[in-house]
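Hi there,

Here is the structure I said I would pass on. Have a look at it first, and then read my notes underneath.

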Amino acid sequence: MSERDTSDEPAAGEVPRDLLEYLAEGLVDEPEKVSVEKFDGEDGTIVLELCVAPDDYGKVIGRGGRTARALRTVIGALAAGRYVRIDLLDANEIR
């Protein structure tokens, strides 16, 4: 059996970040304004801050929060057992 070459694959912690950015870009009208920052929180939590244009904020949240909940579910499933918190920010809230 040969070992699988993983040199071209992103690090395990980067997969949720990259996927969140990709999915958010598909939802919004201004994909060039989408950015995701990753932080390590307390207790091994991964914190992802998703920033979108102010006019796209509602598109990422969705009706009744359904889109945001779906994004959290998908990203959480790929987080390899770690808890992922996704904070949604519009461009006016950038730190």
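Below is what I found, going from the overall layout to single residues.

One thing to keep in mind from the start: this is a predicted model.

**The overall layout**

The protein has three helices and three strands. If you start at the N terminus and follow the chain, the elements come in the order α-β-β-α-α-β. Of the 95 residues in the protein, 32% are buried. I also looked at contacts between residues at least 6 apart in sequence, and 59% of these join residues at least 24 apart.

**The sheet**

The three strands make an open sheet, ordered β1-β2-β3, with mixed pairing. At the edges sit β1 (35–40) and β3 (84–90), each of which pairs on one side only. From one strand to the next, the twist averages 20°.

The mixed character is easy to follow if you take the two pairings in turn. β1 and β2 (residues 46–52) run antiparallel and are joined by six bridges. To find your way around that pairing, look for K38, which stands opposite L48 in β2. β2 and β3, on the other hand, pair in the parallel sense, over seven bridges. A handy marker there is L50, which has L88 of β3 opposite it.

So how many of the seven residues of β3 are buried? Six of them are, so β3 is largely enclosed by the rest of the structure, even though β3 is an edge strand of the sheet.

**Helix α3**

Part of the sheet is covered by a helix: α3 lies across β2 and β3, and runs at about 140° to β3.

I checked the length of α3 too. This helix has 12 residues (residues 66–77), and at 1.5 Å a residue it should span 16 Å; the C-alpha atoms at its ends are 17 Å apart, which agrees.

Which residues of α3 are buried? They are A68, L71 and I75. Around the axis they cover an arc of only 60°, so they lie on the same side of α3. Turn to the face pointing away from that buried side and you will find the exposed residues R66, T73 and A77.

**Salt bridges**

Next, the charged side chains. Side chains of opposite charge can pair when their charged atoms come close. Counting a side-chain nitrogen of Lys or Arg within 4 Å of a carboxyl oxygen of Asp or Glu, I get seven salt bridges.

Here are three of them, among the seven:

- R17 and D18 meet through their side chains, with 2.8 Å from N to O. D18 is partly exposed, at 33% relative accessibility.
- R17 also forms a salt bridge with E21, where the closest N and O atoms are 3.2 Å apart. The two are four residues apart in helix α1 (residues 14–27), which means that about one helical turn separates them. E21 has a relative accessible area of 19% and is buried, since the cut-off for buried is under 20%.
- E30 pairs with K33, again with the closest N and O atoms 3.2 Å apart. E30 is partly exposed with a relative accessible area of 22%, and K33 is partly exposed as well, at 44%.

Shared partners join R17, D18 and E21 into one network of salt bridges.

**Two loop residues to look at**

The first is D43, in the loop between β1 and β2. Most residues other than glycine have a negative phi. D43 is not a glycine, yet its phi is positive, at about 55°. Is D43 buried or exposed? Exposed, with a relative accessible area of 81%.

The other is P31, found in the loop between α1 and β1. P31 counts as partly exposed, at 31% relative accessibility. Its C-alpha atom is separated by 9.2 Å from that of D56, although P31 and D56 are 25 residues apart along the chain.

**Where I would start looking**

If you open the model now, begin with the sheet and its order β1-β2-β3, then find α3 lying across β2 and β3. After that, go to the network of R17, D18 and E21, and finish with D43 in its loop between β1 and β2.

Cheers

Key: Residues numbered from 1 in each chain as written. Predicted model: local features only at pLDDT ≥ 70, side-chain atom pairs only at ≥ 80, totals over all residues. Heavy atoms only, no water. Expected span 1.5 Å × (residues − 1). Buried < 20%, exposed > 50% of the residue type's maximum accessible area, 1.4 Å probe, protein only. Arc of directions from axis to C-beta. Pairing = 2+ DSSP bridges. Axes fitted to C-alpha atoms, helices over the stretch in contact; angles between N-to-C directions. Contact = heavy atoms within 4.5 Å.
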